[in-house]
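Hello,

I am passing on the structure we talked about, so that you can open it and look around for yourself. My notes on it come right after.

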Amino acid sequence: MRLTRFTDVALRVLMRLAVVENEDPPTTREVAATIKVPYSHAAKVVARLQHLGLVEARRGRGGGLAVTARGRSASIGGLVRELEGPGDVVDCEGTTPCPLRSACRLRGALREAAEAFYAALDPITVTELTASPTGPLLISISSGRPPGR
């Protein structure tokens, strides 16, 4: 299974925001630069995360982005399900429907495999993803200083 770029960026944005401690809240532009994604893509991701209640965005002087308590404790499996949306791994009904769809066992097997993938991610939270060594690396990337300094 492969995640969409949107979900990948969303998880990285949440991880970056989860390590903000004694610094001014970063802007969307700063987060985009830190995680090396286009600003326009990061802005769409931040808007969706804000809509889900995982990120707060404040405008103006002293503004910036902050992960919410809900965002810190969010299940990665739940987030991936939400961001990827419903649907099967394969599109049996597409513009050219698969001739095997009425008696195929592959679709069910792939659905089970996808659920196992999500289930493996369910117990992991955003906070856990930012434990060492990831958190210190995210902080060093953001500050421009090597980890541990």
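Below is what I found, going from the overall fold to single residues.

Please keep in mind that this is a predicted model. The protein chain contains 8 helices and 2 strands, and in sequence order they run α-α-α-β-β-α-α-α-α-α. Along its principal axes, the box filled by the C-alpha atoms is roughly 60 × 30 × 25 Å. Of the 149 residues in the protein chain, 33% are buried. Among contacts with a separation of 6 or more, 64% join residues that are 24 or more positions apart. For a feel of the distances, try Ala-116 and Arg-59: they are 57 residues apart along the chain, and their C-alpha atoms are separated by 40 Å. Ala-116 belongs to helix H6 and is partly exposed, because its relative accessibility is 48%.

Now to the interior. In soluble globular proteins, nonpolar side chains tend to be buried together. Here the largest nonpolar core has 28 residues, and Val-13, Leu-14, Leu-49 and Leu-79 are those with the most contacts inside it. Two or more residues come from each of helix H1 (5-18), helix H2 (28-34), helix H3 (39-51), strand S2 (64-67), helix H5 (76-84) and helix H6 (106-121). The most is given by H1, which puts in 7 residues.

H1 is worth a look of its own. Of its 14 residues, 10 are buried, so the helix is mostly covered. The buried ones are Thr-7, Val-9, Ala-10, Leu-11, Val-13, Leu-14, Met-15, Arg-16, Leu-17 and Ala-18. The length of H1 also works out: at 1.5 Å a residue, its 14 residues should span 20 Å, and the end C-alpha atoms are 20 Å apart, which agrees. If you centre your view on Val-13 and leave aside neighbours within four places in sequence, you will see this residue in contact with Val-31, Ile-35, Val-45, Val-46 and Leu-49.

Next, the charges. How many salt bridges are there? The count comes to 6, and three of them are described here.

The pair within H1 is Arg-5 and Asp-8, whose side chains meet in a salt bridge at 3.3 Å, N to O. Both residues lie in helix H1, 3 residues apart, which is about one turn of the helix. An α-helix has 3.6 residues a turn, so residues three or four places apart point the same way. Arg-5 counts as partly exposed because its relative accessibility is 43%, and Asp-8 counts as partly exposed at 29%. The pair also has company, since Arg-5, Asp-8 and Arg-12 are linked in a network of salt bridges.

Another salt bridge joins the side chains of Arg-48 and Glu-82, again at 3.3 Å from N to O. This pair links distant parts of the chain, with Arg-48 in helix H3 and Glu-82 in helix H5, 34 residues apart. Arg-48 has a relative accessible area of 26%, so it is partly exposed; Glu-82, at 41% relative accessibility, counts as partly exposed too.

Then there is Arg-81, which forms a salt bridge with Glu-115, the closest N and O atoms being 2.7 Å apart. Distant parts of the chain are linked here as well: Arg-81 is in helix H5 and Glu-115 in helix H6, 34 residues apart. Arg-81 is partly exposed, with a relative accessible area of 27%, and Glu-115 is partly exposed at 40%.

A few details round this off. Searching the whole structure for aromatic pairs turns up 1. There is also a charge over a ring: the charged end of Arg-29 sits over the ring of Tyr-39, 3.9 Å from its centre. Finally, have a look at Thr-34 in helix H2. With a relative accessible area of 16%, Thr-34 is buried, because buried means under 20%. Not counting residues up to four places away in sequence, Thr-34 touches Arg-16, Ile-141 and Ser-142.

Enjoy exploring the model, and do write back with any thoughts.

Best wishes

Note on methods:
Residues numbered from 1 in each chain as written. Predicted model: local features only at pLDDT ≥ 70, side-chain atom pairs only at ≥ 80, totals over all residues. Heavy atoms only, no water. Phe/Tyr/Trp six-rings, centres within 6.5 Å; stacked < 30°, edge-to-face > 60°. Lys NZ or Arg CZ within 6 Å of the ring centre and 35° of its normal. Core = buried A, V, L, I, M, F, W, Y, C linked by side-chain atoms within 4.5 Å. Buried < 20%, exposed > 50% of the residue type's maximum accessible area, 1.4 Å probe, protein only. Helix = DSSP H or I, 4+ residues; strand = E, 2+ residues; numbered from the N terminus. Contact = heavy atoms within 4.5 Å. Expected span 1.5 Å × (residues − 1). Salt bridge = Lys/Arg side-chain N within 4 Å of Asp/Glu carboxyl O.
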